[in-house]
Amino acid sequence: MSRMRTFMYAAALAIGVVVLASRGSRAASAVTTTTTLPPPAPAYSLATGACIKEAAAQQKMCNMVASIVACQAEYDTAFSNCFAVGKGVSCAAACVAKNAKCTASATSTTVKPCTKSCQNDWVVAGGQCGGDHACLTAAKGDYKTCKDACNTAALKCRDAFAACLARCPNLGDGTTTTTLVRPATTTTTTTTLPPRPTTTTTTRPPRSTTTTTTKQAAAAQKTCKKIGTAADCQAAYDADFASCFAPGKGVTCAAACVAKKAKCTGSTASSGNTQCTKTCQNDWVAAGSQCGGIQSCYAAAVDAYNACKTACTANPTVVSCSASFAACLAKCPNL
């Protein structure tokens, strides 16, 4: 009897061990490890993105008055210049060249019936827009998406182009500094000492001039306007401009000239001049919407807009302010 009890206790103990082991394995299998990856980096910096957007707008204007080939070449150059000076520009230019070659070879793989169907759908959709600009833009976007789907090789080119540009340094986020480097001047002084001559070479650092620094200030203002307000960028430019003259009297003189010019032009500015320019803009938009895709009509509308805007800005008093400003600066010592 005692042996029977011993056997039963041993069996119960074994079953308990098995149950505990199975619970442990279930608990272990319920553990989940989660890894949180950082968000993807933006495609371009603020300055590069704004520059590319401006280049695209200029290309759109160019297409209205010039050949598509010429406008594309101009856009490619402007696009490359939207990246960091030096490595960024050369990298982007190489990517643009590779993309042009890739898309040229991909053109032969386009399925023509598919493209024709996209074209027909676009014509039908555009005819139903009734001149609505937003509707026409949406129809054009649908057409582009449809046409791209007809050529998988072109999609691969686009992906490769984006991957290539991701390696190109962008312009800084509003803090781009342009430095114009002048060749260094080398002076050689030979001192004769017994028993052999010794040569001492002194390298002078590049020297800034008023002309080069004012060009840098203008370039910085142009970049600033892409991401900042016109008033803030003008104030920063005025301060940079004055510092382009000789320290002391030159800077003080230039700052006084800038202040006088601001006062002169401010007193001659009128709301009518602003309203005149706005009216030219409205007339141009209205004329362009009635052209119906005719290039000669677009070209005439652009010419009319430019003539109208020039007439608005033809203010003799403003010209007089500029002449006084130039005469004032002529008295300021340069760098």
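**Group meeting: cores and disulfides in a predicted model**

Start with one cysteine. Cys244 has a relative accessible area of 4%, so this residue is buried. Keep in mind that we are looking at a predicted model.

Confidence next. The mean pLDDT of the protein chain is 75, and 71% of the residues reach at least 70. Which elements sit at the two ends of the scale? Helix 1, residues 2-29, has the lowest mean pLDDT, 47. Helix 3 has the highest, 92. Residues 17-22 fall below 50, and beyond near neighbours in sequence that stretch makes 0 contacts in the model. Residues 24-41 also stay under 50. For them, too, the model shows 0 contacts beyond four places in sequence. Where pLDDT is low, predicted coordinates should not be read in detail. I will leave those stretches there.

Now the cores. The largest nonpolar core has 15 residues. Which members touch the most others? They are Ile52, Phe79, Phe83, Cys95, Phe161, Leu165 and Cys168. Four helices each supply at least two residues of this core: helix 2 (46-65), helix 3 (68-80), helix 4 (87-106) and helix 7 (152-165). Helix 4 gives the largest share, 4 residues. Another core lies apart from this one. That second core has 13 residues, including Phe241, Phe245, Cys257 and Phe325.

A word on rings. The structure has 7 aromatic pairs. One aromatic cluster is made of Tyr44, Tyr75, Phe79, Phe83 and Phe161. Phe79, Phe83 and Phe161 are also on the list of best-connected members of the largest core.

Back to Cys95. Leave out residues up to four places away in sequence, and Cys95 touches Phe161, Cys164, Leu165 and Cys168. One of those contacts is a bond: Cys95 and Cys164 form a disulfide, S to S 1.9 Å. The torsion about that S-S bond is about -80°, so the disulfide is left-handed. What does the bond tie together? Cys95 is in helix 4 and Cys164 is in helix 7, so the link joins parts 69 residues apart in sequence. Buried or exposed? Cys95 is at 2% relative accessibility, so it counts as buried. Cys164 is at 9%, and counts as buried as well.

How many disulfides are there in the whole structure? The search finds 11. Two more deserve a slide.

The first is Cys257 with Cys328, sulfur atoms 1.9 Å apart. The S-S torsion of Cys257 and Cys328 is about -80°, so this disulfide is left-handed. Cys257 lies in helix 10 (residues 249-268) and Cys328 in helix 13 (residues 316-329), so parts 71 residues apart in sequence are tied together. Cys257 is buried, with a relative accessible area of 1%. Cys328 counts as buried at 15%, because the cut-off is under 20%.

The second is Cys264 with Cys321, S to S 1.8 Å. Here the torsion is about -75°, so the bond is again left-handed. Cys264 sits in helix 10 and Cys321 in helix 13, so this pair ties together parts 57 residues apart in sequence. Why does Cys264 count as partly exposed? Its relative accessible area is 28%, and partly exposed runs between 20% and 50%. Cys321, its partner, is buried at 2%.

To recap. Helix 4 and helix 7 are linked through Cys95 and Cys164. Helix 10 and helix 13 are linked through Cys257 and Cys328, and through Cys264 and Cys321. Helix 1 is the element with the lowest mean pLDDT. Questions, please.

Methods:
Residues numbered from 1 in each chain as written. Predicted model: local features only at pLDDT ≥ 70, side-chain atom pairs only at ≥ 80, totals over all residues. Heavy atoms only, no water. Core = buried A, V, L, I, M, F, W, Y, C linked by side-chain atoms within 4.5 Å. Buried < 20%, exposed > 50% of the residue type's maximum accessible area, 1.4 Å probe, protein only. Contact = heavy atoms within 4.5 Å. Phe/Tyr/Trp six-rings, centres within 6.5 Å; stacked < 30°, edge-to-face > 60°. pLDDT = per-residue confidence, 0-100. Disulfide = S-S within 2.5 Å.
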